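Trainee: I would like to understand the reasons behind the terms used for this structure, and not only the terms themselves. Could we go through them one by one?

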Amino acid sequence: MKFLCINCDRQMVFEERQLPGDGTLAAAFRCPECGRCVAILTNPMETQLVASLGVKIGGRTVPAQPMETVRGMVVTGKDNAFVEDGKRETGNGPMWTAEAQERLARVPGFVRGMVKRIYGDYARDHGIAEITPTVMDAARSELGLEGM
Amino acid sequence: MALNIRTYRDLTEPDRSALVEQIGAQRRRVADRMAAVRHVVAVLSGKGGVGKSYVTAHLARALGRSGRGVGVLDADLNGPTIPRLLDAPAGGGEGPRPAHADAVEAAAGADGVKCISMALLLRDGMPLAFRGPDSESFVWRGALEAAVLREFLADVAWGALDFLLVDLPPGVQRFAELAELLPAPPAALIVTIPTPESADAVRRALRAALERGATALGVVENMVGGPFAGSAADDLAAEFGIPVLARIPWHPTPDTWAGLAGRLG
């Protein structure tokens, strides 16, 4: 799927992805020539189909995690179905504020370990020493974790 | 006046979503994992209740006892039974699956057989249910089940195996997904019971598998010598020019399974 700015005859470039609610997936594109911005809005069924394929609109920003679909989409999974590799949580890993830990605890157990690892990797990659709810918001937006 | 609109391929600036490349990366992940597996064997039957899972588990155990590296992928996502048949809880199947950066560890079953199954991941007694809109879930559920199958192939640390047996649910759809995901169509091991009704259903499934490029290893006739009468295995073997690999009696012995394992090479 590509978008063409007909006035400028230029391919529009992906700007950002949002989940504004009601199962809508919004992908915004901007014309590099005139700056005009358009957004494609998918209905919940179309959003679900994209999620079912395991692809990310706007591209992947983190490597695929093992069992990503199983952990992200199954709602009847055991809370303790997976235990994450502890090696990556030790050493000079980022600290978690109490508020961030509280928010992480609200993530379903089936996927919590994987989500924690993704946030940890994000913090390390950005040189962030402490994970706060603000950092989590930034990571969610930047990494496309809206569904997790 | 008609607008002058170029084609998709005419637009050559980088596509950040790169959805085709993302799908390609998923397929490469499967191919990379399966590169260490010598034989992928789909255990199939068009019919439910003929004992596919039972045959799969005992064949896997016999192969394991003979020194082969064996894994079982339970592709019956909605009625998973393989861990129980492999006695996987005794081998650590009930605990959480250790998840590393690139793969989840398989459960250890009897006779060294590795396995993965939704039974290891779902809450007790709960069906496989996905997050998504309630209405018209038939539109997307199939895609999600295929994605789970893909992750069972690609995201489990199978290691080097001589055989990966894939226990399929009744019907032909899961076989089609499997053949689509693998770098090459799998071999097919056909399970039937002696009845003509079973032969009818199995015939359709086998034909569908062959049309998708499968190589049929042969037929296993299960539940022989009991109340089910007929010659399904012989009929199918003659019709498709494939061997009858084993006739499994009501009370098979380890030798029964060893014989079948020996026929697979």
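Mentor: Let us begin where the chains meet, keeping in mind that this is a predicted model: 44 residues of chain B are in contact with 39 residues of chain A.

Trainee: What makes two residues count as being in contact?

Mentor: Their C-beta atoms, placed from the backbone, must lie within 7 Å. On the side of chain B that touches chain A, α1 (19-34), β3 (97-99) and α4 of chain B each supply at least two residues, and the largest share, seven residues, comes from α4(B).

Trainee: How do the residues of the side of chain B that touches chain A divide into nonpolar, polar and charged?

Mentor: There are 27 nonpolar, five polar and 12 charged residues on that side of chain B.

Trainee: What makes strand β6 (residues 82-84) of chain A and β3(B) a pair?

Mentor: Pairing asks for at least two bridges found by DSSP, and three bridges join β6 of chain A to β3(B), the two running parallel, so they count as a pair. In β3(B), B:R97 is the bridge partner of A:F82.

Trainee: Why are β4 and β9 of chain B called edge strands?

Mentor: The open sheet of chain B has eight strands in the order β4-β5-β2-β6-β1-β7-β8-β9, with mixed pairing. Its edge strands, β4 (107-108) and β9 (244-249), each pair on one side only. Further in, six bridges join β7 (residues 187-192) to β8 (residues 215-224) of chain B in parallel, and B:T192 stands opposite B:E221 in β8(B). Helix α6 (residues 196-211) of chain B lies across β1 (37-44), β7 and β8, running at about 175° to β7(B).

Trainee: Which residues touch the most other members of the largest nonpolar core?

Mentor: Of its 104 residues, these are B:A42, B:V43, B:L165, B:V166, B:I190 and B:V220, while helix α4 (residues 138-154) of chain B gives the most to this core, with nine residues. A second, separate core has six residues, among them A:L25 and A:C31.

Trainee: Why are the buried residues of helix α8 (residues 254-263) of chain B said to be on the same side of α8(B)?

Mentor: The buried residues are B:W257, B:L260 and B:A261. They cover an arc of only 100° around the axis, and therefore they sit on the same side of α8(B). Those residues pack against α2 (52-65), β8 and β9 of chain B, and α8(B) is followed by B:G265, whose phi is positive, near 95°.

Key. Residues are numbered from 1 along each chain as its sequence is written. Chains are lettered from A and ligands numbered from 1 in the order in which they are written. This is a predicted model: local features need pLDDT of at least 70, side-chain atom pairs count only at pLDDT 80 or more; totals for chains, interfaces and linings use all residues. Helices (H or I, at least four residues) and strands (E, at least two) are DSSP runs, numbered from the N terminus. Axes are lines fitted to C-alpha atoms, for helices over the stretch in contact, and angles run from 0 to 180 degrees between N-to-C directions. A nonpolar core is a set of buried Ala, Val, Leu, Ile, Met, Phe, Trp, Tyr and Cys residues joined through C-beta atoms within 7 Å. A residue is buried if 20 or more other C-beta atoms lie within 10 Å of its own, exposed if 12 or fewer, and partly exposed in between; C-beta atoms are placed from the backbone. Ala, Val, Leu, Ile, Met, Phe, Trp, Tyr, Cys and Pro count as nonpolar, Asp, Glu, Lys and Arg as charged, and the others, Gly among them, as polar. The arc is that of the directions from the helix axis to the C-beta atoms.
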